[in-house]
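Take a walk through this model, from the whole chain down to single residues. Keep the viewer open and follow along.

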Amino acid sequence: MGKKICGTNYPLSICFIVVNEFCERFSYYGMKALLTLYFVTYLHWDKDLSTAIYHAFGGLCYFTPILGALIADSWLGKFKTIIYLSIVYVIGHVVKSVGAIPTVGGRDVHIALSMLGLILIAFGTGGIKPCVAAFGGDQFEDEHRQKFFSIFYMSINAGSLLSTIITPILRGDVQCFGGDCYALAFGVPAALMVVALVVFIAGSGMYKKNPLQGNILLEVCNCVGFALRNRWYRSKHEPRRSHWLDWAEEKYSKRLIQEIKMVLRVLVLYIPLPMFWALFDQQVQEDKRQLYNLYTMHSCRMCWLLSPTPCVCRPLRKMATGMIFAALAFGAATLVEISVVVRMKGNDDPESGKIVAHKTEDVKANNVHIAWQIPQYALITAGEVMFSITGLEFSYSQAPANMKSVLQAGWLLTVAFGNVIVLIVAEGAGLEQWKEFLLFASLLLGVCIIFSIMTCFYTYVNPEQLEKFYLENSGKEGDNNENMKKKNNDVPLKKTGKGTRL
């Protein structure tokens, strides 16, 4: 087949995909690390507006993957979708960098260019996000795919770590146009995105590219709509069927119906998952306040990624374990926060309930040692590695060949809804910090119990074996029943009792 990396069974093409992902993540996180400061100091927005735009941009980046997935699976294919949307991504970075040059127009021009650039970046990064992961999975057979997703996730974290270190240095230490050089700080991520695009195109001759199978989105929507209409009008007069989608059997193939069932089963499992990302996003927001915390979190994550994985349990059980680790991390954070509050009680004013400085004196630092934060970082990163990498691989392995990008986008939507939960709970509740931590931990434990119960009713499938099963039965049926052709294009199957239980 394709060329292999020396001494391994991994295709050489994944080197281009992993380097592309590293550069793209460097580009995205390097730009995003400066956004809030850029809004406040350069565009002169107030803090509330800056925070709102920042979260709106982050949410858009995780809602647009569904658009890229639909383009990839129904129209252009993953390879062309990644290239075209990467070009949009590069244009967005260039527009954003030009908007940060003081000599280009006035304040209104800077705002317009900045917003246009952010919108293009959101569509670019969101659009390619599900396609790159699924396209990388296409290069592998089953036995090596899980290791690839670990390497893929490590490249994401390596790019984000380096970018959050380098781009703030470029902004603060390099002066241009008489102030902080935002144009250079945004220009470097733009250059890295150009490198990502060039590297990805350079490997085009080595990639395994699965052929498109028509406009699958339109076919799925029509099938679901026909099933609902058919059930509504005929359910009162005909025997009950095992699944509501089976009402589409008169017009659509059993294979398509079975594939839609596979996707819907996985999407139902995703319903409780945003709670994990709500906790993780909350932890990251707290970490951004201290550079030490950021380095600690990334270091723990890289250690977990590089260490051998001791857990050999099924993917859904591993994801539930990751949720438990995340809840324990917030439990540890609650204890540390309570310790800090207790230590500060000595300076409380009993009448006002507020902390008052009665006198100024030098005190010993680290009454609550910063090392007490390490356990929570180790727990949250262990949970993230078990949850996120497993979720990526699970989303790919359980999706039909023609809907892999769509299911990857569904996985990424859980991140977007997690950010929404943070805004609703954290901003709306107005609780003390330790109470907020305890609330999130309790919510995640409850969600973990619900998710664990749901997984008991899930049956793992092998889409490749399912496809062979339908093709073989289709061929036999065609040979034996040439005189019994149907008016529609159904894939004929006489035995469907086992469904997806392969």
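A residue counts as buried when its relative accessible area is under 20%, as exposed when that area is over 50%, and as partly exposed in between. Apply that to Leu245. Its relative accessible area is 0%, so Leu245 is buried. Keep the cut-offs in mind, because the labels "buried" and "exposed" below rest on them.

Now the overall picture. The model is predicted, not experimental. The protein chain has 17 helices and two strands. It runs to 502 residues, and 49% of them count as buried. How far along the chain do the contacts reach? Among contacts with a separation of 6 or more, 79% join residues 24 or more positions apart.

Next, the interior. In soluble globular proteins, nonpolar side chains tend to be buried together. The largest nonpolar core in this model holds 111 residues. Phe57, Met323 and Trp411 have the most contacts inside that core. Pick Met323 and list its partners. Leaving out residues up to four places away in sequence, Met323 touches Leu273, Phe276, Phe387, Leu444, Val447, Cys448 and Phe451. One of these partners, Cys448, has a relative accessibility of 5%, so Cys448 is buried.

Stay with the cysteines. Which two form a disulfide? Cys176 and Cys181 are joined, with an S to S distance of 2.0 Å. The structure holds one disulfide. The torsion about its S-S bond is about 105°, so the link between Cys176 and Cys181 is right-handed. Both ends, Cys176 and Cys181, are buried. Cys15 gets another label: its relative accessible area is 33%, so Cys15 is partly exposed.

Turn to a helix pair. Two packed helices are described by the angle between their axes and the distance between the axes. Here the pair is helix 9, residues 216–234, and helix 10, residues 254–269. Their axes are 11 Å apart and meet at an angle of about 90°. Angles of 65 to 115 degrees count as roughly perpendicular, so helix 9 and helix 10 are roughly perpendicular to each other. Which residues make the contact? Helix 9 brings Ile216, Glu219, Val220, Cys223 and Val224, and helix 10 brings Leu256, Ile257 and Ile260. By class, this contact between helix 9 and helix 10 has seven nonpolar residues, one charged residue and no polar ones.

Now go back to Leu245. Leu245 sits in the loop between helix 9 and helix 10. Setting aside neighbours within four places in sequence, Leu245 is in contact with Val224, Ala227, Ile257, Ile260, Lys261 and Leu264. Three of these names are familiar: Val224 in helix 9, and Ile257 and Ile260 in helix 10, also take part in the contact of the two helices. The C-alpha atoms of Leu245 and Cys223 are separated by 8.1 Å, with their positions 22 residues apart along the chain.

Other pairs span more of the sequence. Asn419 lies in helix 15, residues 404–429. Is Asn419 buried or exposed? Its relative accessibility is 17%, so Asn419 counts as buried. Beyond residues up to four places away in sequence, Asn419 touches Gly58, Tyr62 and Asp281. The C-alpha atoms of Asn419 and Ala56 are 9.6 Å apart, although 363 residues separate the two along the chain.

Lys318 belongs to helix 13, residues 315–344. At 7% relative accessibility, this lysine, Lys318, counts as buried. The C-alpha atoms of Lys318 and Met386 are separated by 6.2 Å, and the two are 68 residues apart along the chain.

Leu76 is in helix 4, residues 65–76. Its relative accessible area is 23%, so Leu76 is partly exposed. The C-alpha atoms of Leu76 and Leu212 lie 8.0 Å apart, across 136 residues of chain. Leu212 is also in contact with Leu76.

Last, a backbone detail. Most residues other than glycine have a negative phi. His44 has a positive phi, near 60°. Where is His44? It lies in the loop between helix 2 (35–41) and helix 3 (47–63). At 55% relative accessibility, His44 counts as exposed.

Technical notes. Residues numbered from 1 in each chain as written. Predicted model: local features only at pLDDT ≥ 70, side-chain atom pairs only at ≥ 80, totals over all residues. Heavy atoms only, no water. Disulfide = S-S within 2.5 Å. Buried < 20%, exposed > 50% of the residue type's maximum accessible area, 1.4 Å probe, protein only. Axes fitted to C-alpha atoms, helices over the stretch in contact; angles between N-to-C directions. Helix = DSSP H or I, 4+ residues; strand = E, 2+ residues; numbered from the N terminus. Parallel < 35°, antiparallel > 145°, perpendicular 65-115°, else oblique. Contact = heavy atoms within 4.5 Å. Nonpolar A, V, L, I, M, F, W, Y, C, P; charged D, E, K, R; others polar. Core = buried A, V, L, I, M, F, W, Y, C linked by side-chain atoms within 4.5 Å.
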